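Trainee: I am new to this structure and would like a close look at a single part of it. Could you take me through one sheet and what surrounds it, and then place it beside the rest?

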Amino acid sequence: MKTTTKFSSISIIWLLLLTANLPTSLQAQNEDRNTDFFGNSISNPENVCRHSAATYSEEAEAIVKEILSKVSLEPQFAIAECPGTDNCKATLIDNVPYIIIDQAFLEELKGIDFTQSKLPTDERDWAKICILAHEVAHHLKGHVSNPIIRQNKTPRERELEADEFAGFILYKMEASLSQAQSVMYSHKIPEKGNYTHPPRSQRLAAIKIGWERGKAETKVVVEEKIVEVEKIVEVEKIVEVEKIVEVEKIVEVPMDQPVPEGMVLVKGSTFMMGCIEEQGDSCTYGEKPVHEVILNDFFIGKYEVTNAEYAAFLNAKGKKTKDVEKWIDLNSLWGIEKKGKQYVVKSAYENHPVINVTWYGATAYAKWKGMRLPTEAEWEYAARGGHKMTNTKYAGSNDLDKVAWHEKNSSDKGYGHSDYGTHEVGTKVANELGLYDMSGNVEEWCSDWHDYSYYKRSATNNPKGPRFGKSRVVRGGSWNNNPTYCRVANRYYDSPTTSYSLVGFRLASSL
Ligand SMILES: [Zn+2]
């Protein structure tokens with residue numbers, strides 16, 4: 001896995017740093033101390049600790065090691081006890097990366113039971129692990145030891161990056177999203193932020209992004225196991241009923257119907273859906289069997305729905321209903337916020353795709369526009385270029401960078417880089433139909449329930465997905481997904497009530 005490679009290359013540097021014997025008592029000679037990352041929290045210029053010297057602690061190291069082993073990480077930095085520290089901090093002592101830790105916080109960590117196969121369910125314990133993971137992340141990202149990174153990122157960007165990585169670690173440790181975010185409520189973390197730390201809402205959003213990334217990396221593997229079990233209990237009867245219900249007549253439609261603004265006409269035909277040759281050996285679970293699908297003509301949005309468009313919907317429809325909470329999570333870094341009674345887009349993000357919108361939020365918007373979401377089959381057909389398809393791996397090209405904002409050219413750049421996050425819609429090359437961002441930028445909700453085994457029993461004519469399900473289909477990959485998710489055949493899913501900074505949608509409509 002990509003992340004593992006990252007860890008190990010960084011680990012080597014730390015191993016080298018740690019080859020010298022560590023002193024047992026450390027008088028700080030931190031060159032950086034006056035402009036230290038921790039700003040005013042380190043008050044004694046003679047010592048990184050407030051009241052006395054830091055003491056190298058084998059015991060503390062053992063605990064941190066135990067936690068990190070849960071995510072297959074080796075702590076390649078030293079741990080020292082440091083009285084008067086606010087919980088724990090990442091720092092440099094004699095150019096050695098250290099996490100200094102207060103005795104009281106150490107005692108709290110000791111109280112967490114790691115003997116069970118799973119980690120704790122108590123949110124307070126997760127909060128402590130989150131604090132530690134945040135400091136670990138500062139080291140993993142080189143915030144303290146790498147002068148170039150320190151210079152190129154503002155303290156706030158470094159903090160958000162650490163929060164994001166903490167979210168990633170916590171997902172890998174099997175924390176739920178609310179457990180991963182619990183530290184932001186259970187500790188004294190100011191709503192409006194402070195000198196070095198950004199406002200809580202931004203920190204919550206950053207933890208969420210990291211947690212989602214952990215989930216994205218893990219999800220397919222987990223789902224494969226679940227499907228294996230489900231296959232055994234698959235009921236033939238339901239399959240029969242679905243086939244009868246879903247077969248629809250192909251209707252001949254006159255082609256002179258005007259194309260709605262912002263939409264593209266996709267002329268229906270027969271196509272092969274699923275894992276075909278141009279996908280190489282990248283196909284993941286659920287893309288087989290390849291099967292024939294026949295679609296009617298339809299319209300599909302040229303662009304993903306933008307923040308500005310969605311804010312207009314909220315201002316028209318959201319003021320007198322509580323449903324807004326079910327439609328969109330307004331705690332996002334690059335989206336819509338509420339100012340007084342108005343829903344406004346954060347400056348410069350007007351033409352970015354709307355994110356953190358639930359499947360219900362997407363369908364409510366579509367309904368308001370007199371349209372609907374595309375079916376999974378329509379989405380794939382349109383991504384492949386519809387009646388103009390040229391059989392490419394991604395929507396419009398085999399060269400992903402040409403057509404998509406994805407992990408390698410977005411999230412990998414890191415916080416503070418101008419390419420980090422979502423991008424204005426339509427800034428990459430369009431596919432054969434003139435559709436933008438079908439691959440990358442944000443994943444897109446489709447109308448179908450999701451089921452990895454659906455292709456085995458899909459209707460041929462205008463399939464609409466399974467009749468029942470728990471998750472809805474999302475397609476196309478995002479700025480925070482690796483290339484395989486951006487393939488035209490890739491299938492993915494999320495619970496319809498969840499909202500992610502990776503997921504938006506585009507409109508479709510029948511003729
Ligand atoms: Zn920090």
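**The open sheet and its surroundings**

Mentor: In this predicted model, glutamate 444 stands opposite glycine 504, a residue of strand S15. That pair is a good place to begin, since strand S12, which covers residues 443-449, is joined to S15 by 2 bridges, and these strands run parallel. Strands of a sheet pair through backbone hydrogen bonds, in either a parallel or an antiparallel way. Stepping back to the whole sheet, one finds 4 strands in the order S14-S13-S12-S15, forming an open sheet whose pairing is mixed. Strand S14 (492-494) and strand S15 (503-504) stand at its edges with a single partner strand each, so one side of each is left without a neighbour in the sheet. Helix H14, made of residues 376-383, lies across S12 and strand S13 (472-475), and runs at about 140° to S12.

Turning from the sheet to the nonpolar interior, the largest nonpolar core has 116 residues, and Cys130 and Leu170 are those with the most contacts inside it. Helix H4 (residues 123-140) provides the largest share of this core, 10 residues, and the core draws at least three residues from each of domain 1 (15-219) and domain 2 (263-303 + 357-510). Leaving aside neighbours within four places in sequence, leucine 170 is in contact with several residues, among them Trp126, Ile129, Cys130 and Trp211.

Elsewhere, helix H11 (residues 307-317) has buried residues including Tyr310, Phe313 and Leu314, and the buried residues of H11 pack against helix H12 (324-327), strand S10 (336-339), strand S11 (342-345) and helix H13 (359-368).

Methods
Residues are numbered from 1 along each chain as its sequence is written. This is a predicted model: local features need pLDDT of at least 70, side-chain atom pairs count only at pLDDT 80 or more; totals for chains, interfaces and linings use all residues. A nonpolar core is a set of buried Ala, Val, Leu, Ile, Met, Phe, Trp, Tyr and Cys residues joined through C-beta atoms within 7 Å. A residue is buried if 20 or more other C-beta atoms lie within 10 Å of its own, exposed if 12 or fewer, and partly exposed in between; C-beta atoms are placed from the backbone. Domain bounds come from an automatic or database domain assignment. Two residues are in contact if their C-beta atoms, placed from the backbone, lie within 7 Å. Two strands pair if DSSP finds at least two bridges between them. Axes are lines fitted to C-alpha atoms, for helices over the stretch in contact, and angles run from 0 to 180 degrees between N-to-C directions.
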